[in-house]
Amino acid sequence: MNPSTHFARDYAEARGKFRDAARDAGARLFTYAHDDAKGPGGEALSTDLAWLGPSEASRLLVTISATHGAEGFCGSGVQTGSLRTGLTLPPDTALVAIHAINPYGFAWIRRVTEENVDLNRNFVAHDGALPRNEGYDELAEALCPAEWSEAAQRRTRAILADYGKRHGAALLQRAITGGQYTHADGIFYGGAAATWSRRTALAIAREHLARARKLAVIDYHTGLGPYGHGEKIIIHPPASAGFARARDWYGDNITSTSLGTSKSADVVGDLLSGVEAALPGAEFTGMALEYGVLPVDETIDAVRADNWLHHHGALDSQQGRDIKARMRATFYGDVDEWKQLIFEQALDAQRRALSGLAG
Ligand SMILES: [Zn+2]
């Protein structure tokens, strides 16, 4: 079957395809309805969970889509496809697919949640000392100007380029994407409290994952790295048993944000670490599988434009529609070739995770 058939045009279609595939595979379905937010067409939003395999399984392969909402086109297609193509589950093992953990961002084609929060920066203790990001503070106005005219874009890009010249590309990327807790209307904002999506992820951990002894967790992302290439970003500290296990399972081409070998900046408050912390005692092997679509400069520009649109612009305008189309194209390679590439790598990683869990 052509893997493109598993991918969807929008959130509602993605949810339908996922639930149909789960039912056809004989999985049990659970729904976490979002009562406080709706999609752009008024559609209901939820995180859905499919459990395939024995209900008492002590080994779980857990997949997660749409942590960064707009990136959900990719992860949802992979989840639906792996339910359709029939992974062979070893004994005492279940597949747990968590669909659209940030359904608002998926439906509205935003990276962030309805609280304008980057869910992968939100798993911090908000009543403690929050990480500082002086680089972001310095660039805040240039990153998120109140105007998004051609002139404003030229002016602010020059400010960012100048920062890059003075501090280097890595520090520029860290300033922009490393996460910040000072500008609630900005980008890569970690929030002032736990978001609905964080609370839902932790409820799922409590209600579905807490009995497992061994978990392999794969969180699907897009927007960094070469076109169609899946970077295996390991969340565990480089000297830890989790990192060594991930290398055994996934191979030597794994990367680490804390080692600086990843295309991603080193971040705190990510979802995988947050879920791991909620499951003490379990053997947890977490990986973000990050697929490239467009060059990073264009990706950041698309995120800046989207942030401007939701704070200052009009969604129902030509400029609004253009910005949304660009967001979609930035986080989703909506062509057969890209889907084929990402799906093959996703299935390979899932098979490796399953044999790792069995070992
Ligand atoms: Zn992402």
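Before reading any pairings: I count two strands as paired if DSSP finds at least two bridges between them. The model I have open is a predicted one.

**Entry 1: β3 and its partners**

I started with the β3/β5 pair. Strand β5 covers residues 214-227, and it runs parallel to β3 over six bridges. For the register I looked up R59, which stands opposite K214 in β5. Then I checked β4, residues 93-99: this strand also pairs with β3 in the parallel sense, again over six bridges. Here L61 has L95 as its bridge partner. Following the chain from β3 to β4, I went through helix α2 (residues 72-85), and this β-α-β crossover came out right-handed.

**Entry 2: is β3 buried or exposed?**

Mostly covered, I'd say: β3 spans residues 59-64, and six of its six residues are buried. I sorted the side chains by direction. R59, L61 and T63 point one way, L60, V62 and I64 the other, and all of them are buried.

**Entry 3: the whole sheet**

Next I wrote down the strand order, β1-β2-β4-β3-β5-β8-β6-β7, for an open sheet of eight strands with mixed pairing. The edges are β1 (28-38) and β7 (254-256); each has a single partner strand, so one side of each is left without a neighbour in the sheet. From one strand to the next the twist averages 25 degrees.

I wanted an antiparallel example too. Strand β2 (residues 44-52) pairs that way with β4, over five bridges, and A50 of β2 sits opposite A97 in β4.

**Entry 4: helix α12 on the sheet**

I moved on to α12, which packs on the sheet and touches β3, β4, β5, β6 (230-234) and β8 (283-292). Its direction makes about 155 degrees with that of β5. I checked the length as well: 23 residues reach 33 Å from first C-alpha to last, close to the 33 Å expected at 1.5 Å a residue. Its buried residues include W338, F343 and L354.

**Entry 5: the core**

Which residues have the most contacts inside the largest nonpolar core? I got L60, V62 and V217, in a core of 93 residues. The largest share of this core, eight residues, comes from α12 (residues 336-358).

Last, I listed what V62 touches, leaving aside neighbours within four places in sequence: V96, I98, L209, L215, A216 and V217. So noted, V217 turns up both here and among the residues with the most contacts in the core.

Key:
Residues numbered from 1 in each chain as written. Predicted model: local features only at pLDDT ≥ 70, side-chain atom pairs only at ≥ 80, totals over all residues. Buried ≥ 20, exposed ≤ 12 C-beta atoms within 10 Å, placed from the backbone. Helix = DSSP H or I, 4+ residues; strand = E, 2+ residues; numbered from the N terminus. Right-handed = clockwise from strand over helix to strand, strands pointing away. Core = buried A, V, L, I, M, F, W, Y, C linked by C-beta atoms within 7 Å. Contact = placed C-beta atoms within 7 Å. Expected span 1.5 Å × (residues − 1). Axes fitted to C-alpha atoms, helices over the stretch in contact; angles between N-to-C directions.
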